[in-house]
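Open the model in a viewer and keep the sequence panel visible. The stops below can be selected in the order given.

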Amino acid sequence: MTSPLTLISLPLFPLHAVLFPGGHLPLRVFEARYRSMVHGCREAGAPFGVVTLLSGQEIHQPHLPPETFYATGTIAAIDSLSPLSTGLELLHCSGKDRFHIATARKLPLGLWVADVELLPADHTIPIPSYLRHTATTLRLVLQKIPQNHLEGATDAQFADCGWVANRWCELLPMERKLQLCLLELDSPLVRLELVADTLERAGITP
């Protein structure tokens, strides 16, 4: 266990999605508040936080109530940013540490910022024999996805409970509430056991 680290004024990107550590997230960015945020983060070499919307919309609409979002999220590091057209950019980012929001506030132009505490990173835990089918099936599924961002995954990653569990959490059509519960779990082994149960109930693995 590591001591929590407080990050002051981490900008947030609320989405109808859940980003897991080690995951990849492509985003089309066109709102002024997020374009400014992304460019500022990129110039400073700083990350931002991805949080999951509980209510409200990703696109700011003045006549609607403010967005509300889950208190647990994932830090996103910017991998690339490229223009698609005037006012539209394609952002690729990757998931790093999980965090819990201590306080959040909305700035006048609509951008959310928060003070957050980092949650412990997953320990590397070898996948036990009774769960190895989850990694084997994951390899088979990924081989059928053309040009997926996990083509360079290593054998060590496929042998790690947390990494395999997180990739399934991204791929499976789970309810958002279940995804968030799995994201909050500190035990990667328990997370993978719950994923294995979901796979079995879906008839994906024996």
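In the hairpin of β6 and β7, which residue takes a positive phi? It is Gly110, with a phi near 100 degrees, and the hairpin has five residues between its strands. The model is a predicted one, so keep its confidence colouring to hand.

**The hairpin strands**

Select residues 88-106 for β6 and 112-118 for β7. The two strands pair in the antiparallel sense over seven bridges. To check the register, pick Thr103, whose bridge partner in β7 is Asp115. Now show the surface around β7: six of its seven residues are buried, so the strand is largely enclosed by the rest of the structure.

**Leaving β7**

Move on to Leu119, in the loop between β7 and α2. Leu119 counts as partly exposed, at 22% relative accessibility. Display its neighbours beyond four places in sequence: Thr72, Arg98, Phe99 and His100. A distance label from Leu119 to Gly73, C-alpha to C-alpha, should read 9.7 Å, although 46 residues separate the two in sequence.

**Helix α2**

Select 132-143, which is α2. The twelve residues of this helix should span 16 Å at 1.5 Å a residue, and its end C-alpha atoms are 17 Å apart, which agrees. Colour Thr134, Ala135, Thr137, Leu138 and Leu142, the buried residues of α2. Look down the helix axis: these buried residues fall within an arc of 165 degrees, so they line one face. Turn to the face pointing away from the buried side to find the exposed residues Arg132 and Gln143. The cover over the buried residues of α2 includes α3 (155-158), α4 and α6.

**The largest core**

Nonpolar side chains tend to be buried together in soluble globular proteins. Here, the largest nonpolar core has 24 residues. Select Ile127, Leu138, Val164, Trp168, Leu192 and Val195, which have the most contacts inside this core. The elements that give two or more residues to the core are α2, α4 (161-171), α5 (176-184) and α6 (188-201). Its largest share, six residues, comes from α4.

Centre the view on Trp168. Beyond four places in sequence, Trp168 touches Thr134, Thr137, Leu138, Val141, Met174, Val195 and Leu199. Apart from this core lies another, of 18 residues; Cys41, Val50, Leu91 and Cys93 are among them.

**Helix α6**

Go next to α6. At 1.5 Å a residue, its 14 residues should span 20 Å, and the end C-alpha atoms are 20 Å apart, in agreement. The buried residues to highlight are Pro188, Arg191, Leu192, Val195, Ala196, Thr198 and Leu199. Seen down the axis of α6, they fall within an arc of 160 degrees, so they line one face of the helix. They pack against α2, α4 and α5. Just after α6, select Gly203, which takes a positive phi of about 75 degrees.

**Gln179 and Ala17**

Is Gln179 buried or exposed? Gln179 counts as buried, at 9% relative accessibility, and sits in helix α5. Leaving out residues up to four places away in sequence, Gln179 touches Val18, Phe20, Cys169 and Met174.

From Gln179, label the distance to Ala17: the C-alpha atoms are separated by 9.3 Å, with these positions 162 residues apart along the chain. Ala17 is in the loop between β1 (6-15) and β2 (24-29). At 24% relative accessibility, Ala17 counts as partly exposed. Beyond four places in sequence, its contacts are Val51, Thr52 and Arg176.

**Cysteines**

Finish by showing the cysteine side chains. A search of the whole structure finds zero disulfides. Why is Cys161 not bonded to Cys169? The sulfur in Cys169 is the closest cysteine sulfur to that of Cys161, but at 12 Å it is too far for a bond. Cys161 is buried, with a relative accessible area of 0%.

Cys181 also has its closest cysteine sulfur in Cys169, at 11 Å, again too far for a bond. Cys181 counts as partly exposed, at 39% relative accessibility.

Technical notes: Residues are numbered from 1 along each chain as its sequence is written. This is a predicted model: local features need pLDDT of at least 70, side-chain atom pairs count only at pLDDT 80 or more; totals for chains, interfaces and linings use all residues. Side-chain values use heavy atoms; hydrogens and water are left out. A nonpolar core is a set of buried Ala, Val, Leu, Ile, Met, Phe, Trp, Tyr and Cys residues joined through side-chain atoms within 4.5 Å. Buried means under 20% relative accessible area, exposed over 50%, partly exposed in between (1.4 Å probe, protein chains only). Helices (H or I, at least four residues) and strands (E, at least two) are DSSP runs, numbered from the N terminus. Contact means heavy atoms within 4.5 Å. The expected span of a helix is 1.5 Å times one less than its number of residues. The arc is that of the directions from the helix axis to the C-beta atoms. Two strands pair if DSSP finds at least two bridges between them. A disulfide is a pair of cysteine sulfur atoms within 2.5 Å.
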